[in-house]
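Me: I should like to take a close look at a single part of this protein and at what surrounds that part. Please guide me through the model in one connected account.

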Amino acid sequence: MKIQAWKAGLLSLMASGLMSAQAQQAPSVQDRQASLVGTWKLVSVDTRMADGSSHASFGQNPEGYLIYGSDGMMSVTMQWAGRKPFAAASAREASEVEKASVSDLFSGYAGRYEVLVDSTVLHHIEVSSYPNWNGVQQPRIYEINGDQLTLRNKQPIAGSVSYLVWRRVK
């Protein structure tokens, strides 16, 4: 009887030690959110198509920033590097061709975000340069390695998955 009690106690101790070790390895949602908070500079955008092809969606040297606030708000802007200035003195006076180029060469949105337990950050888009995304939720899988953040859309969008690489601004 004493041996069985001793074995049960040992197994319980081992199990609690294992659970404690697992708990230490899995960061909480709050820790995950804290790791995202800050400003990130865009390094690359690689869009991979279903047929295996890929392309740099915002060119070879894209420009942009992603900001995650500790208040649960986020904002992202991205553009092709080297965009030419408009010939007009103001955006309102720009030609139709110049105005249309903004849609192809610039993207941005902002809203609330929440971090989920499965390495997903959910962007609750409130305003967007692409009006169809206003009021939409966009889930992103994220991975942080040191000062590098990689985001990708959780579900294909228009048959593609985009991998966005960001570097933390210090």
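Reply:

**A close look at strand β1 and its surroundings**

Q30 is found in helix α2, which covers residues 29-36. The model is a predicted one, and Q30 serves here as a point of entry. Q30 counts as exposed, because its relative accessibility is 60% and the exposed class begins over 50%. Along the sequence Q30 and L116 are 86 residues apart, yet their C-alpha atoms are 9.6 Å apart in space.

Before the strand itself is examined, the general plan is useful. The secondary structure consists of three helices and nine strands. Their order along the sequence is α-α-β-β-β-β-α-β-β-β-β-β. The protein has 170 residues, and 28% of them are buried.

Strand β1 spans residues 38-49, and three pairings of this strand can be described in turn. With β9, residues 160-168, β1 is joined by nine bridges, and the two strands run antiparallel. Within this pairing, K41 has R167 of β9 as its bridge partner. With β3, residues 63-68, β1 again pairs in the antiparallel sense, here over four bridges. W40 has its bridge partner in β3 at L66. With β2, residues 54-56, β1 is joined by three bridges, and this pairing is antiparallel as well. Here R48 stands opposite S54 of β2.

The connection between β1 and β2 also merits attention. These two strands form a hairpin, and four residues lie between them. One residue of the turn, G52, has a positive phi of about 95°. Most residues other than glycine have a negative phi. Two residues elsewhere in the model may be set beside this statement. S119 is not a glycine, yet its phi is positive, near 60°. S119 is located in the loop between β5 and β6, and it counts as partly exposed because its relative accessibility is 26%. A158, which is likewise not a glycine, has a positive phi of about 55°. A158 belongs to the loop between β8 and β9. With a relative accessibility of 76%, A158 counts as exposed.

The account now returns to β3, one of the strands that pair with β1. Strand β3 contains Y65, and this residue contributes to a nonpolar surface patch together with I67 and V169. The area of the patch is about 250 Å². Why can Y65 be called partly exposed? Its relative accessible area is 38%, and the partly exposed class lies between the limits of 20% and 50%, so Y65 falls within that class.

Finally, β1 takes part in the lining of the largest pocket. This pocket has a volume of about 800 Å³. Its lining is made by 31 residues, and those nearest its centre are F58, M78, S107, W133 and S162. At least two lining residues come from each of several elements: β1, β4 (73-79), α3 (96-105), β5 (106-115), β6 (120-128), β8 (148-153) and β9. Strand β9 gives the most, with four residues. Thus β1 and β9 are joined by nine bridges, and both strands supply residues to the lining of the largest pocket.

Note on methods:
Residues numbered from 1 in each chain as written. Predicted model: local features only at pLDDT ≥ 70, side-chain atom pairs only at ≥ 80, totals over all residues. Heavy atoms only, no water. Pairing = 2+ DSSP bridges. Patch = residues over 30% accessible without salt bridge, like charges linked within 9 Å, V, L, I, M, F, W, Y side chains within 5 Å. Areas by Shrake-Rupley, 256 points an atom, 1.4 Å probe, with all protein chains shown as cover. Salt bridge = Lys/Arg side-chain N within 4 Å of Asp/Glu carboxyl O. Buried < 20%, exposed > 50% of the residue type's maximum accessible area, 1.4 Å probe, protein only. 1 Å grid on protein atoms, 1.4 Å probe; cavity = no way out; pocket = protein on both sides within 12 Å on 5 of 7 lines; lining within 4 Å. Points joined across faces, edges and corners; volume = space filled by probe spheres on them.
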